[in-house]
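Visitor: Before we talk, could you put the model on the screen? I would like to ask how its descriptive terms are justified.

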Amino acid sequence: MFSGLELTLFLLGAAVLGVVAFRMMHLPPMLGYLVVGIVIGPHGLGFAEDNATTHALAEFGVVFLMFSIGLEFSLPKLSAMRHIVFGLGVAQVLTTIAVTMVCGWGLVYVLPQLTNISWQAAFALGGALTMSSTAIVSKLLTERLELETEHGRRILGILLFQDLALVPLLIIVPALAKNSGNLLVTLAWASTKAMVVLALLLFFGQKLMRSWFQIVVKRRSQELFMLNLLMITLGAAWITEKAGLSLALGAFVAGMLISETEYKHQVEEDIKSFRDVLLGLFFITIGMLLNVHLVLEHWWLVLLLLTGPVLLKFGLIAALAKLFGASTGVALRTGLALAQAGEFGFVLLNQAGGLQLMDPLLIQVILASMVLSMLAAPFILAKSDAIVMKLSSNEWMLQSLALTQLATRTMSTQKHVIIAGFGRSGQSLAKLLEEEGIPYHALELDPELVHDTREAGAHVSYGDAARRESLVAAGIHRAAALVVTYASTPSALKVLHHANELAPELPVIVRSHDDSDLDKLLAAGATEVVPEALEGSLMLASHALVMLGVPLRRVVHRVQTARDERYTSLRGYFHGVSDVDDQGEALNVRLQSVPLINGARAVGKTLGDLALDQFGTEVTMLRRSKARLPVLPATILQTGDIVVLRGTAENIARAEKHLLT
């Protein structure tokens, strides 16, 4: 039997191993947490028990999950997507709940031991199954560069309403669970309490939040800021719990209040790691609920509840998207992306189980089917194009027509520039090419942007430059150059792969965010890579030098030299704690100073003797006292010297160890 601390440490250790394994397989960490919970839980290997400690961790996870949703709550965002969110989103949630309630009653005939499923239980089940995974779907859409496509916008709109729908569902389900003679009175009382509490929190909270945060921020203490954040979140959750509502509702309101202040982004950064850890522990506790032996005993029912709801949601969402004006291909892609279960479904299912609305056997098989559907989601989305092509002959026609139209527009064009991506960078390039009389044709995945820019006279077509067929239709064999204007290394590597196969001699210029992937892109065949962070630094430095009186010719020469050397002199820099990339990992190439202490291995040796290049690092500077020494193989190092290394964090650590020990 573990103590509270021992159980927490064990869960954290298991979570680390699970997430590492799933990241290595390029699968979402959430699935790793769920599998870890299944393996170590009371129904698996039995290392961890479902007790008060795990319940407390789960509650904290839900609280901070809802707090994050509140932070993302934005009236302008809702307004911009109102037709999708409050049209397609509302229809999806209500229709899925209604159909699930009807199908839920039919389960009695499939599984007689359930005796009966009340309409309240069927409603809770519908609410759980209507949810899709925001974390998984948004991540996969980002990786596939599909956020701005027609189906991407519909998917995000539905996900946004599902997030909002969770709030009233968390109020309604407990009200339905009460065995009251008058259901309308129970619901009315619950709604009244919710409105009163929300009105008080929003009215007084809106008045106090900004001024209180200003007082805290003026103290200039990161620790105080974090303590204040936790106090507000947990305090709001406590208020709603005392009012007979859920903890999650109060956390949502707290996040919503903070989202209206100028401290929203700071709060998001501070709470991110804390939230992710607690949320991970929440998913572990959900996995621990799964009784593997019971699931294996009723595997046929798990399979039925896996395929049934997935096919049902796919069909319903595709039909609704079609009804709301989407093409067949867009409707099918929307349905495929949202067919799986979601993390909020676990929240509702957990709540229904705690209120004893459902038979434990039913909860077990539904839980298993939801986990399996989420595991299948990345594979379904990866095959979505092939599935849509098979299901819709019209999609074949539309794809062929799009490629034919693209080929027709570029057929008479020779020595043109193919622009991959027609955002701000692509449009700026197009203007300069037009001024020089150089023909171009752009490929863009945002249909509205294609329509607007084409109306304005731009030579742009809807197409994915990462697809071989699009490049052929754009006339890659007749083109003078190909320019990738968006900073996405995975997509750029696909473009380079096809370009090298189709037109090996074609110059390809690629934009990247910084120098972290520069070597990888050059090795893949890019003629030039333009790291926007380094180019911005060059422009900033050149303007500063000119204003300080340095001759313009010398400044231009320095800038051109840096480019000719492929930014060698600028690559890597000293990193601070805020220098992280989008995945939260330390940026790759960096600089680091290594002081040579008394007794260091490198003292008395030359740089040539040390051979630091064997570790993939480079010495960019040597300092002795205030003097700068030449970086030569024959330079002898002394105690107190500062060696500045450039390389990845891992390689620098190895080189530093070689220098010192």
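Guide: Two strands are said to pair if DSSP finds at least two bridges between them, and strands (E, at least two residues) and helices (H or I, at least four) are DSSP runs numbered from the N terminus. This is a predicted model, in which local features need pLDDT of at least 70, side-chain atom pairs count only at pLDDT 80 or more, and totals for chains, interfaces and linings use all residues. Residues are numbered from 1 along each chain as its sequence is written, and side-chain values use heavy atoms, with hydrogens and water left out.

Visitor: What makes strand 8 and strand 9 a pair?

Guide: Strand 8 (residues 618-624) and strand 9 are joined by three bridges in the antiparallel sense, and the criterion asks for at least two. Within this region Arg 624 stands opposite Ala 627 in strand 9.

Visitor: Why are strand 7 and strand 9 said to stand at the edges?

Guide: The open sheet has four antiparallel strands in the order 7-10-8-9. Strand 7 (590-595) and strand 9 (627-629) each have a single partner strand, so one side of each is left without a neighbour in the sheet.

Visitor: Which side chains of strand 6 are called buried?

Guide: Buried means under 20% relative accessible area, exposed over 50%, and partly exposed in between, with a 1.4 Å probe and protein chains only. Along strand 6 (residues 528-531), Val 529 and Pro 531 point to one face and are buried, whereas Glu 528 and Val 530 point to the other and are not. Strand 6 also pairs with strand 5 (residues 508-512) in the parallel sense over four bridges.
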